[in-house]
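Trainee: I've got a new structure open and don't know where to begin. Could you walk me through it?

Mentor: Happy to; let's pick a residue and work outward.

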Amino acid sequence: MSPARARTARLSAAAGGAVVLLAAAGCGGLIPGTNGEVSSDINVSSTMIKEGEPLPDTYTCDGEGVSPPLQWSGLPENVKSLAVVVDDPGNATVHWVLYGLDPQLAEIRQNSVPQPGRTGRNSEGTAEYAPPCPRESHGHDVRFTVYALDGEIGLSDDAPLQDSLEAIAQRTIARGTLTATGK
């Protein structure tokens, strides 16, 4: 099997379990484990990504493939922890999962994981930023979502994708999103 075909097979298998969770957690619907709608009051921005604009090559497989800088504000007062999920909702691919982030944190620097912070597995099965590949997902969006959580997530680094997404969904009290377009 070619490397590209093997990657596609891994992504498809991993994405299957994440589709329902991402749809619920990221699209404004009800979050499993909560009693109502989740606030979308968090403002997510980046010095390098503009809402509705193409994701710069630096953050894709066509460039350096590093994670972009993100900033946020507008967290609710009762936040105990933060999580970040980077996904492509068009093909249910998760590129990056971070959790256990300090609620006092207001940014992630380029190509870094703040400490304390843990990285769960992505759709490729690795615990790292998997840069989107515009040529493989032409026209799809890349969504950067910051989640405010009402408690800590009891998972270590390298947690399975479905476990980390379920844990984030169960603790989410607010979220905010920055969306870049595919090329």
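Mentor: Start with Asp 87, which sits in strand S3 (residues 81-88). Keep in mind that this is a predicted model.

Trainee: Okay. Is Asp 87 buried or exposed?

Mentor: The general idea is to check the relative accessible area, where buried means under 20%. Asp 87 has 1% relative accessibility, so it counts as buried.

Trainee: Which side chain does the side chain of Asp 87 make a polar contact with?

Mentor: For that, look for N or O atoms within 3.5 Å. Here the partner is the side chain of Arg 143, at 2.6 Å. Asp 87 and Arg 143 are 56 residues apart in sequence, yet their C-alpha atoms are 5.3 Å apart in space.

Trainee: And what does the side chain of Thr 172 reach?

Mentor: The backbone oxygen of Ile 168, at 2.6 Å. Thr 172 belongs to strand S8 (residues 172-180), and with 3% relative accessibility it is buried too.

Trainee: How many disulfides does the count come to?

Mentor: You look for two cysteine sulfur atoms within 2.5 Å. That gives 1 disulfide: Cys 61 with Cys 133, sulfur atoms 2.2 Å apart. The pair links distant parts of the chain, 72 residues apart. Cys 61 lies in the loop between strand S1 (43-45) and strand S2 (70-73), while Cys 133 lies in the loop between strand S6 (118-120) and strand S7 (142-149).

Trainee: Are those two cysteines buried or exposed?

Mentor: Take them one by one. Cys 61 is at 25% relative accessibility, so it counts as partly exposed. Cys 133 has 8%, so that one is buried.

Trainee: Now zoom out for me. What pattern does the chain follow along the sequence?

Mentor: Reading from the start, you get α-β-β-β-β-β-β-β-α-β, which comes to 2 helices and 8 strands. Of the 183 residues, 46% count as buried. As for contacts between residues at least 6 apart in sequence, 73% join residues at least 24 apart.

Trainee: Where does pLDDT stay under 50?

Mentor: Over residues 1-35. Where pLDDT is low, the predicted coordinates should not be read in detail. The model does have 55 contacts beyond four places in sequence for residues 1-35, so treat those with that caution in mind. For the chain, the mean pLDDT is 84, and 78% of the residues reach 70 or more.

Note on methods
Residues are numbered from 1 along each chain as its sequence is written. This is a predicted model: local features need pLDDT of at least 70, side-chain atom pairs count only at pLDDT 80 or more; totals for chains, interfaces and linings use all residues. Side-chain values use heavy atoms; hydrogens and water are left out. pLDDT is the predictor's confidence in each residue, from 0 to 100. Contact means heavy atoms within 4.5 Å. Helices (H or I, at least four residues) and strands (E, at least two) are DSSP runs, numbered from the N terminus. Buried means under 20% relative accessible area, exposed over 50%, partly exposed in between (1.4 Å probe, protein chains only). A polar contact is a pair of N or O atoms within 3.5 Å; within protein, one must be able to donate a hydrogen and the other to accept it, and residues adjacent in sequence count only if both atoms are side-chain atoms.
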